[in-house]
Amino acid sequence: MINYKWLAIQELNDYDAKVAAIESIQDNIKRLEEEAENLHSTRYDSEPTQGGGNRREEMLISNISTRDEYRRNLNIVIGQVHAVETALKGLDARQQRILELFYIRRCRNYIDRLCEEMCVSERTLYREKENALKAYTLRRHGITEL
């Protein structure tokens, strides 16, 4: 049985890392494309390797395979980031801010900071956090609990 609340928290916690991963994956793909261009122009021995091809062919195949894997990963991560952003956009600014500081960009003294910023008690803040998380989970997964 899926715990959607836990899943939502994990998505929010991982959001910044996945945004950064998009750029990193794109850089890896670009680097591999450049390497592939160099492999096309570089001459390697024409001795067959164990698989029957030569080193150059094996390196090209490995490069293509790695790029394909990165492209699959990129599409998955872009989809995940988009889904989180779409769910967050459905929340009001206050709920977004609460989830941002609780899960996405937690900083030192974030509880005190939010209480002061929103002029609420800690107890009220935690109640609002639960409501914001429930609203996010509902928008993201269509269900909050079973």
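## Glu130 and Lys129

In this predicted model, Glu130 has a relative accessibility of 30% and therefore counts as partly exposed, since that class lies between the buried limit of under 20% and the exposed limit of over 50%. Glu130 is paired with Lys129 in a salt bridge, and their closest N and O atoms are 2.8 Å apart. Lys129, by contrast, is buried, because its relative accessible area is 9% and the buried class covers values under 20%.

Lys129 belongs to helix α5. Once neighbours within four places in sequence are set aside, the contacts of Lys129 are Ile98, Leu99, Phe102 and Tyr103. Each of these four residues also appears among the buried residues of helix α3.

## Salt bridges

Side chains of opposite charge can pair when their charged atoms come close. The model contains 12 salt bridges. One of them links Arg140 to Glu11, with an N to O distance of 3.3 Å. Arg140 is part of helix α5 and Glu11 is part of helix α1, so this pair ties together parts that lie 129 residues apart in sequence. Arg140 is partly exposed, because its relative accessibility is 25%.

A further salt bridge joins the side chains of Arg71 and Asp68, with an N to O distance of 3.7 Å. Both residues belong to helix α2, which covers residues 55–89, and they are 3 residues apart, about one turn of the helix. Arg71 counts as partly exposed because its relative accessible area is 31%. Asp68 falls in the partly exposed class as well, with a relative accessible area of 33%.

Returning to the pair Lys129 and Glu130, whose closest N and O atoms are 2.8 Å apart, a separate group can be set beside it. Asp16, Arg97, Glu100, Arg105 and Glu117 are joined into one network by salt bridges that share partners.

## The surroundings of Glu11

Glu11, located in helix α1, is buried because its relative accessibility is 14% and the limit for that class is under 20%. In addition to the salt bridge with Arg140, the side chain of Glu11 makes a polar contact of 3.1 Å with the side chain of His141.

When residues up to four places away in sequence are not counted, Glu11 touches Val84, Tyr136, Arg140 and His141. Two of the residues in this list are thus also polar or charged partners of the Glu11 side chain: Arg140 through the salt bridge and His141 through the polar contact.

## Helix α3

Helix α3 covers residues 93–104, and its buried residues are Gln95, Arg97, Ile98, Leu99, Leu101, Phe102, Tyr103 and Ile104. Among them, Arg97 is also a member of the salt-bridge network that includes Asp16 and Glu117.

The N-terminal end of α3 is capped by Asp92. A side-chain oxygen of Asp92 lies 3.1 Å from the backbone nitrogen of Arg94.

## Loop residues with positive phi

Two residues other than glycine are described here for their backbone geometry. Asn109 has a positive phi, near 60°, and is placed in the loop between α3 and α4, where α4 covers residues 110–118.

Cys119, which is not a glycine, has a positive phi of about 55°. Cys119 is located in the loop between α4 and α5. Its relative accessibility is 71%, so Cys119 counts as exposed, the limit for that class being over 50%.

## The largest pocket

Rolling a probe the size of a water molecule over the atoms shows where empty space is left. In this model, the largest pocket holds about 180 Å³ of space. Its lining consists of 12 residues, and those nearest the centre are Asn3, Tyr4, Lys5, Thr144 and Glu145. By class, the lining divides into 5 nonpolar, 3 polar and 4 charged residues.

Helices α1, residues 4–41, and α5, residues 122–141, each contribute at least two residues to the lining. The greatest contribution comes from α5, with 4 residues. These two helices are also the ones that hold Glu11 and Arg140, so the salt bridge between that pair ties α1 to α5.

How values were computed. Residues numbered from 1 in each chain as written. Predicted model: local features only at pLDDT ≥ 70, side-chain atom pairs only at ≥ 80, totals over all residues. Heavy atoms only, no water. 1 Å grid on protein atoms, 1.4 Å probe; cavity = no way out; pocket = protein on both sides within 12 Å on 5 of 7 lines; lining within 4 Å. Points joined across faces, edges and corners; volume = space filled by probe spheres on them. Nonpolar A, V, L, I, M, F, W, Y, C, P; charged D, E, K, R; others polar. Salt bridge = Lys/Arg side-chain N within 4 Å of Asp/Glu carboxyl O. Buried < 20%, exposed > 50% of the residue type's maximum accessible area, 1.4 Å probe, protein only. Polar contact = N/O pair within 3.5 Å; in protein donor to acceptor, adjacent residues only side chain to side chain. Contact = heavy atoms within 4.5 Å.
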